[in-house]
Amino acid sequence: MPICTPPPALVAKGHLECALRGRSLLNSSFFNKGSAFTHEERKEFELQGMLPSAVHTLDEQVERAYGQYLECPTDLLKNTFMVSLKEQNVVLFYALSQKHITEIFSIIYTPTEAEAIKGYSRLFRRPDGCFLDINEPELVEEILAEWGNQDEIDYIVVSDGEEILGIGDQGVGGIAISTTKASLVLMTLCGGLHPNRTLPVILDCGTNNKELLDDELYLGLRHPRIRGKKYDDFVETFVQSVKKLFPKSVLHFEDFGLDNARRILEKYRPQLSCFNDDIQGTGVVTLAAINAAAWISKLDLLDLRMLVFGAGSAGCGIADQFRDAVVTDGHRSVEEANKQVWLIDKCGLLLQSHGDSLTSAQRPYARPDSEWEDSDTKDLVSIISVIKPHILIGTSTKPKAFTEAAVREMAKHIDRPIILPLSNPTRLHEAEPADIYAWTDGKALVATGSPFPPVKWNDVEYEVAENNNSEVFPAIGLGAVLCRAKLISDKMLVAAVKALAAQSPVLKDSCKGLLPGITDVRDVGKKIAMEVIRCAVEEGLATVEGIPVNNDEFQKWVEIQMWDPAYRPLKGIRFDGASRAAKGEVGVGRR
């Protein structure tokens with residue numbers, strides 16, 4: 001079979017066709033080069049007199065933009081500056097972000113993005129993304145069609161804004177998390193997808209956030225959240241419209257509420273290429289960290305006991321991913337694998353007697369009451385003393401929940417306790433890494449949900465890995481897009497886990513982090529995407545034929561389709577008859 005040649009629209013190198021001229025060109029964030037337009041381009045595209053005389057390189061523009069960034073006195077103002085920059089010049093935004101990714105990542109993503117989302121209606125300047133109203137379901141397909149056709153949109157992120165980044169219901173402000181995941185951080189900066197081929201969507205179903213409902217500047221529907229049949233029908237209308245209009249795309253569910261997230265994923269996962277980042281993404285990256293920690297501790301995954309503190313979407317997703325790995329690698333039944341996991345929620349340790357109060361995601365992990373008749377099921381220290389877990393996961397958003405007594409109790413029974421306080425933002429972490437190292441005499445293996453500086457213990461400095469979904473799901477999305485996967489299977493997720501864990505820095509240096517740093521995210525992600533594609537091919541889920549088998553050719557095939565922040569030569573074409581992409585009318589960068 002001949003090697004597949006990527007379609008021109010996905011080749012991220014070479015010239016770009018452009019039908020815009022003059023002010024329209026400068027107003028297109030995707031085509032705009034600002035002071036980097038050459039003298040020849042200024043003449044051809046009717047820009048003479050619209051720009052200062054000097055022609056600057058992209059590197060010079062990055063230097064100027066970075067200086068402006070540093071002038072912003074607060075993190076929130078830095079976030080606002082970066083959003084504004086992206087609205088003006090997409091290439092410059094990503095070039096700046098990529099060059100200073102370690103510094104800027106926490107500004108354009110968690111934890112600062114949570115603050116920006118809370119203030120969305122008051123910080124609003126211009127819309128970016130697709131807004132769908134639950135009271136107008138008949139317009140959904142028509143509105144989505146305006147964003148491109150089946151060959152123009154690769155990746156869609158949708159949220160209903162109910163459970164955002166540990167800050168809860170933010171209503172229409174959820175569009176900001178969709179935009180962040182689709183085109184700011186998750187898929188373009190980290191995954192290499194074309195920024196104008198992604199589509200962020202908010203399903204505005206109202207909000208139960210009284211502060212927003214009472215705010216005269218709130219931009220969303222000003223009524224309580226609509227639930228039940230009307231909500232389900234709205235989601236169904238949206239998903240079926242996506243299947244019809246963008247059958248080659250990947251659909252990413254983001255920050256849906258606990259009652260809806262899992263059932264929506266379970267309903268649509270068999271129908272199209274989709275996933276939920278809060279459930280599956282968190283599970284994948286956490287399991288990769290656990291795998292790396294197990295290798296360092298010389299422990300077998302099949303022998304580990306895991307206690308999850310916080311049984312929401314993320315906590316249950318981690319439990320599911322761990323269970324599935326035990327089932328796959330150990331050839332055990334689901335019921336047997338479930339016995340290696342314990343979950344704690346607001347009611348304490350989940351027990352079978354909790355009955356109908358348990359969600360469908362929690363129910364498989366509820367323990368028989370007979371096992372706990374003489375034990376305290378609400379006190380974390382007591383629970384740890386009974387279970388003696390190797391792994392303690394925090395997804396509760398309950399700050400300081402991992403007390404010194406709890407951590408020391410765990411360390412009494414386990415030589416190298418694996419402790420992962422993952423709640424976001426930073427103020428909601430269950431424990432500080434420095435405390436965990438101190439309470440375990442430096443023996444703990446730690447990863448956190450937000451960035452933390454290295455910790456020094458007994459004159460040895462330990463890097464603290466950030467257990468961030470952006471380490472892995474951009475790569476899974478990239479792989480699914482490039483091979484046009486019909487579905488995203490459990491085996492594809494396991495392939496991603498193993499590919500990420502194999503690149504753990506701690507495997508080479510015990511003082512390094514459990515996961516690669518954000519500076520390596522592109523290279524790490526490329527390798528993960530390749531394994532995801534290989535798995536999709538093996539399972540018969542890849543619809544692209546002729547994907548290279550030779551590793552070097554395969555790598556080049558992936559790389560040529562990864563978008564880089566570089567100014568590409570513009571090829572002027574007539575507006576009449578030009579494609580929508582050439583007119584700047586596709587994706588989030590559309591005019």
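# A tour of the chain, starting at the sheet

Select Thr 448 first: Glu 466 in strand 15 stands opposite Thr 448. This is a predicted model. Two bridges join strand 12 to strand 15 (residues 465-466), and these two strands run parallel.

**Strand 12 and its surroundings**

Now select the whole of strand 12, residues 445-448. Which residues cover its two faces? Leu 445 and Ala 447 lie on one side, Val 446 and Thr 448 on the other, and all are buried. Next, add strand 11 (residues 418-421), which runs parallel to strand 12 and is joined to it by two bridges. Pick Ile 419 to find one end of a bridge; its partner in strand 12 is Val 446. To follow the chain from strand 11 to strand 12, trace it through helix 19 (residues 433-439); this β-α-β crossover is right-handed.

Stop at Asp 441 on the way, in the loop between helix 19 and strand 12. Its phi is near 55°, a positive value in a residue other than glycine. Asp 441 is partly exposed, with a relative accessible area of 47%.

**The whole sheet**

Widen the selection to the open sheet of seven strands, whose order is 9-8-7-10-11-12-15 and whose pairing is mixed. Which strands stand at the edges? They are strand 9 (348-349) and strand 15; each has a single partner strand, so one side of each is left without a neighbour in the sheet. Further in, select strand 7 (residues 306-309) and strand 10, which run parallel and are joined by four bridges. Met 306 stands opposite Ile 391 in strand 10.

**Helix 18**

Select helix 18, residues 404-413, and colour its buried residues: Ala 406, Val 407, Glu 409 and Met 410. Looking down the helix axis, they fall within an arc of 160°, so they line one face of the helix. An α-helix has 3.6 residues a turn, so residues three or four places apart point the same way. The buried residues of helix 18 pack against helix 17 (380-387), strand 10 (391-394), strand 11 and helix 19.

**Ser 178**

Move to helix 10 (residues 175-184) and select Ser 178. Is Ser 178 buried or exposed? Its relative accessible area is 0%, so Ser 178 is buried. Its side chain reaches the backbone oxygen of Val 201 at 3.0 Å. Leaving aside neighbours within four places in sequence, Ser 178 is in contact with Val 157, Val 158, Ser 159, Pro 200 and Val 201.

**Two loops with unusual backbone**

Most residues other than glycine have a negative phi, and most peptide bonds are trans. Select Glu 46, in the loop between helix 2 (39-44) and helix 3 (58-71). Glu 46 is not a glycine, yet has a positive phi of about 60°. With a relative accessibility of 51%, Glu 46 counts as exposed. Then go to Pro 111, in the loop between helix 6 (101-108) and helix 7 (112-118). The peptide bond from Thr 110 to Pro 111 is cis, with omega near 10°.

**Zoom out**

Finally, show the full chain, with its 23 helices and 16 strands. The C-alpha trace spans about 80 × 55 × 55 Å along its principal axes. For 591 residues, a compact globule would have a radius of gyration near 25 Å, and the 24 Å of the chain agrees with this. Of the 591 residues, 60% count as buried. Among contacts with a separation of 6 or more, 72% are between residues 24 or more positions apart.

How values were computed
Residues numbered from 1 in each chain as written. Predicted model: local features only at pLDDT ≥ 70, side-chain atom pairs only at ≥ 80, totals over all residues. Heavy atoms only, no water. Buried < 20%, exposed > 50% of the residue type's maximum accessible area, 1.4 Å probe, protein only. Polar contact = N/O pair within 3.5 Å; in protein donor to acceptor, adjacent residues only side chain to side chain. Contact = heavy atoms within 4.5 Å. Pairing = 2+ DSSP bridges. Right-handed = clockwise from strand over helix to strand, strands pointing away. Arc of directions from axis to C-beta. Rg over C-alpha atoms; globule rule 2.2 N^0.38 Å.
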